[in-house]
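Hi,

Here is the structure I promised to pass on. Have a look at it first, and then read my notes below.

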Amino acid sequence: MLLLISPDSVEEALDCAKAAEHLDIVDVKRPDEGSLGANFPWVIRAIRDAVPADKPLSATVGDVPFKPGTVAQAALGAAVSGATYIKVGLYGCTTPDQGVEVMRGVVRAVKDYRPDAFVVASGYADAHRIGCVNPLALPDIALRSGSDAAMLDTAVKDGTRLFDHLPPDLCAEFVRRAHAAGLLAALAGSVQVRDLGELTRIGTDIVGVRGAVCEGGDRTAGRIQPHLVAAFRAEMDRHAQEHAAAVTAAG
């Protein structure tokens, strides 16, 4: 599993840089603007300069409406600003076809500019609360649009977690569908250390975290702490080793 950490400022990015050996992807977002809130282009550029060059930079485009042209321009802006992973939250899409239309525009805009960019179609485990596309439709949306990964987060940050809205067996089905389509599967949404066993078991490729590595566990008011990033990664590695040993023993 790859660990994606989401700072919301240059100062937090510098804290991430102190823990660079423990994380795989630095993700730029703005929590004040929502679950996948977009940050400013100059913040993306500054964070790109603040973290080690060998760490991929991800940027969220926002919890977007069904406005394919608008979203495509925003996605291109994130790529131009230095992000190589472009994440789009399909907040305003109520059908898979709408999601495909938005993501096709994003894929073309981003990959015409940078062919090696990595495009992530993101949905929400708590889609039932906001009326957007079914979370299990995301792998097919990503496949049909030419995206590289399918991701789930939670739209409403009220203390509930990914597994509160989509139990582990359904998250496992999401991962299975993504892998069957040749995509990476990413899961986030107030993920805690206690969730790592299930996330490892179901084969998650990328786990996205913010609150769990912030002081006080507060994704909005708290600040990312390097020692919490290191501790979270240590638990990830422990679960990975235990899972590998169990698979070997069973096989």
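Let me start with a pair of helices: α4 and α6 are oblique to each other, because their angle is in neither the roughly parallel class (under 35 degrees), the roughly antiparallel class (over 145) nor the roughly perpendicular class (65 to 115). Before the rest, some ground rules: this is a predicted model, where local features need pLDDT of at least 70 and side-chain atom pairs count only at pLDDT 80 or more, while totals for chains, interfaces and linings use all residues. Numbering runs from 1 along each chain as its sequence is written, and side-chain values use heavy atoms, with hydrogens and water left out.

Back to that pair. Helix α4 (residues 96-113) packs on helix α6 (residues 138-145) at about 40 degrees, with the axes 8 Å apart. Axes here are lines fitted to C-alpha atoms over the stretch in contact, and angles run from 0 to 180 degrees between N-to-C directions. Helices are DSSP runs (H or I, at least four residues) and strands likewise (E, at least two), numbered from the N terminus. On the α4 side, P96, D97, G99, V100, M103, R104 and V107 make the contact, and on the α6 side I141, R144 and S145 do; contact means heavy atoms within 4.5 Å. By class, that contact has five nonpolar, two polar and three charged residues. The classes are nonpolar (Ala, Val, Leu, Ile, Met, Phe, Trp, Tyr, Cys and Pro), charged (Asp, Glu, Lys and Arg) and polar (the others, Gly among them).

α4 also meets helix α3 (residues 68-80), where the axes come within 8 Å and cross at roughly 35 degrees. Here P68, V71, A72, A75, L76, A79 and V80 of α3 touch E101, V102, G105, V106, A109, V110 and Y113 of α4. This contact divides into 12 nonpolar residues, one polar and one charged.

Next, helix α10 (residues 226-250). Its end C-alpha atoms are 36 Å apart, which agrees with the 36 Å expected for 25 residues at 1.5 Å a residue (1.5 Å times one less than the number of residues). Its buried residues are V229, F232, R233, M236 and H239, where buried means under 20% relative accessible area, exposed over 50% and partly exposed in between (1.4 Å probe, protein chains only). Their cover includes β1 (2-5), α9 (196-201) and β8 (206-209).

Which residues touch H239, leaving aside its neighbours within four places in sequence? They are V193, L196, G197 and T200. H239 counts as buried because its relative accessibility is 16%.

One last oddity: S190 has a positive phi of about 55 degrees although it is not a glycine. S190 lies in the loop between β7 (184-187) and α9.

Cheers
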